[in-house]
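Here is a short tour in questions and answers. Take a look at the structure, then follow the visitor and the guide.

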2 protein chains.
Amino acid sequence: MTSHDASPAAPGAPGPRPMRADAVRNRAKVLDAARAAFAAEGLAVPLDEIARRAGVGAGTVYRHFPTKEALFEAVIADRLLALAGDAESRLADDGVDAGEAFFGFFFALIEDAEAKADLAEALMAAGVHLQPETRHAAGRLTGGFSRLLERAQRAGAVRGDVTVTELHALVVGAMAAEKRAAGEPGKMTRIIADGLRA
Amino acid sequence: MTSHDASPAAPGAPGPRPMRADAVRNRAKVLDAARAAFAAEGLAVPLDEIARRAGVGAGTVYRHFPTKEALFEAVIADRLLALAGDAESRLADDGVDAGEAFFGFFFALIEDAEAKADLAEALMAAGVHLQPETRHAAGRLTGGFSRLLERAQRAGAVRGDVTVTELHALVVGAMAAEKRAAGEPGKMTRIIADGLRA
DNA sequence: GGGCAAACGGGGCGCTCGTTCCGTTTACTT
DNA sequence: AAGTAAACGGAACGAGCGCCCCGTTTGCCC
């Protein structure tokens, strides 16, 4: 819930002015509405609709986020950080072997994206022109995933000729396949995972 | 090149009136321009752009195709028929075994879609509200693919717990993965294909 | 409680794009 | 060669949507 912070910049040091109470409240309402709306319909949802659901005017949204894209990224950055945290905690867990940890995350990642249209879209997008905050979050996720992959490869659980970039592409592919196949959730992902085993 | 036919309806029997010469010419020009434009940019290309490339006015496009969607489908139906023909000819070829035939088509299908943004989009789309002609073409493709799959499964080359629908989903997934991964074309598809083997 | 800057909100602008309309041109007929 | 209906083309319409402007409201400080 990092994005529920009151101030968009310089949270610790008291900057020029503290935010007004209603502004803080509205920022949170917009963010919550955006989360729900983007998750349900992806970037396609009109900004006016988000404003309406948040109970504010469109102008208010634009005071807090310079552009629709920026609002989208604010939502996405949160999700990416959560996923990065998941990867890192699996990495730290000594109870499961490398292969299990890797595939566990692989499945969790795709399952999560399935329920969040925006995340899927964000991962599919080329990812150009990202704000620094988003870029950092994406980097942390990639880093964690990369270490999970390496460990699993060293353990002989995953074929050695796959890079993180290719893995990312396969995740996108699995999400696309999963969305297309109605019955038996996770089956497409399982097939693709089988193709990844050594 | 079935769509280069002069008359949209009743080609054999002389209907109400034969088409005027310039109309025939323009229809073909529109179809060619649409083919190129849709292949390059998918459905996103504006209709005015297609008209411009074809050297006609937008109104002319609409006399031949009631809607942009209909024009799109006219292009897609051709592609689907060509693919169905490919599947059928592989089916008829006794020189290759069932597994080879299946995977050969699998790779060909994805490679083809890679070069044609519109085909990829069409396969990804839910496919609701299709014109009868398109529905028929899609059915023929699915039928051929289905027989290739069955034969390969019976031969033990492909895992038995996959249906045509799921296969379709995996094709879409492979296309998505392939588009996302820059280097070494076909690698993502090969990994997914490995997941499909028995 | 009064003053003031910050925040609000929604009407409106500008752009894109699918579709239609209609005055003009062009191919066929006799 | 003249008449006619089919076909043309591009200006114009309308809908959707991102974004901005500005008159009004509201929280904050003295």
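## A walk through the model

Visitor: How close is a phosphate oxygen of DNA strand C to a polar backbone atom of Gly57(A)?
Guide: Keep in mind that this is a predicted model. A polar contact needs N or O atoms within 3.5 Å. The backbone atom of Gly57(A) and the phosphate oxygen of DNA strand C are 3.3 Å apart.

Visitor: Which residues are the closest to DNA strand C?
Guide: In total, 20 residues surround DNA strand C. Sugar and phosphate make up 65% of the strand's atoms that come within 4 Å of the protein. Both protein chains are named among the closest residues: Arg20(A), Asn26(A), Arg63(A), Tyr62(B) and Lys68(B).

Visitor: How far is a polar side-chain atom of Lys68(B) from a phosphate oxygen of DNA strand C?
Guide: Asn26(A) also reaches a phosphate oxygen of this strand, with a polar side-chain atom at 2.5 Å. For Lys68(B), the polar side-chain atom lies at 2.4 Å.

Visitor: Which elements give two or more residues to the surface near DNA strand C?
Guide: Chain A supplies helix 1 (21-41) and helix 3 (58-64). Of these, helix 3 of chain A gives the most, with five residues. Chain B adds helix 1 (21-41) and helix 2 (47-54).

Visitor: How many residues of the surface near DNA strand C are charged?
Guide: Sort the surface by class. Seven residues are nonpolar and six are polar. The charged ones number seven.

Visitor: Which residues are the closest to DNA strand D?
Guide: This strand is surrounded by 18 residues. Of the DNA strand D atoms within 4 Å of the protein, 68% belong to sugar and phosphate. The closest residues are Thr67(A), Lys68(A), Arg20(B), Asn26(B) and Arg63(B).

Visitor: How far is an N or O atom in the side chain of Thr67(A) from a phosphate oxygen of DNA strand D?
Guide: Take two other side chains before that one. Tyr62(A) has an N or O atom 2.9 Å from a phosphate oxygen of DNA strand D. Thr60(B) has one at 2.9 Å as well. For Thr67(A), the distance is 2.8 Å.

Visitor: Which helix gives the largest share of the surface near DNA strand D?
Guide: Two elements give two or more residues here, helix 1 and helix 3 (58-64) of chain B. By class, the surface divides into seven nonpolar, six polar and five charged residues. The largest share is five residues, and its source is helix 3 of chain B.

Visitor: How many helices does chain A have?
Guide: Follow the chain from its N terminus. The elements run α-α-α-α-α-α-α-α-α. The C-alpha trace spans about 55 × 40 × 30 Å along its principal axes. Strands number zero, and the helix count is nine.

Visitor: Are helix 1 and helix 4 of chain A roughly parallel or roughly perpendicular?
Guide: Helix 1 of chain A packs on helix 4 (residues 68-92) of chain A at about 80 degrees, with the axes 10 Å apart. Angles of 65 to 115 degrees fall in one class. That is why the two helices count as roughly perpendicular.

Visitor: How many residues in the contact of helix 1 with helix 4 of chain A are charged?
Guide: Helix 1 of chain A brings residues including Val30(A), Leu31(A) and Arg35(A). Helix 4 of chain A brings others, among them Leu71(A), Phe72(A) and Asp78(A). Nine of the contact residues are nonpolar and no residue is polar, while the charged ones number four.

Visitor: At what angle do helix 5 and helix 8 of chain B pack?
Guide: Helix 5 (residues 98-115) and helix 8 (residues 164-180) of chain B have axes 10 Å apart. They pass in a right-handed crossing. They are oblique to each other because the angle is about 50 degrees.

Visitor: Which residues of helix 8 of chain B meet helix 9 of chain A?
Guide: Helix 9 (residues 187-196) of chain A packs on helix 8 of chain B at about 65 degrees. The crossing is right-handed. Helix 9 of chain A offers Lys187(A), Met188(A), Ile191(A) and Ile192(A). Facing them in helix 8 of chain B are Glu166(B), Ala169(B) and Leu170(B).

Notes. Residues are numbered from 1 along each chain as its sequence is written. Chains are lettered from A and ligands numbered from 1 in the order in which they are written. This is a predicted model: local features need pLDDT of at least 70, side-chain atom pairs count only at pLDDT 80 or more; totals for chains, interfaces and linings use all residues. Side-chain values use heavy atoms; hydrogens and water are left out. A residue is near a molecule or strand if one of its heavy atoms lies within 4 Å of it. A polar contact is a pair of N or O atoms within 3.5 Å; within protein, one must be able to donate a hydrogen and the other to accept it, and residues adjacent in sequence count only if both atoms are side-chain atoms. Helices (H or I, at least four residues) and strands (E, at least two) are DSSP runs, numbered from the N terminus. Ala, Val, Leu, Ile, Met, Phe, Trp, Tyr, Cys and Pro count as nonpolar, Asp, Glu, Lys and Arg as charged, and the others, Gly among them, as polar. Axes are lines fitted to C-alpha atoms, for helices over the stretch in contact, and angles run from 0 to 180 degrees between N-to-C directions. Angles under 35 degrees count as roughly parallel, over 145 as roughly antiparallel, 65 to 115 as roughly perpendicular and the rest as oblique. A crossing is left-handed if the near helix is turned anticlockwise from the far one by less than a right angle, and right-handed if clockwise. Contact means heavy atoms within 4.5 Å.
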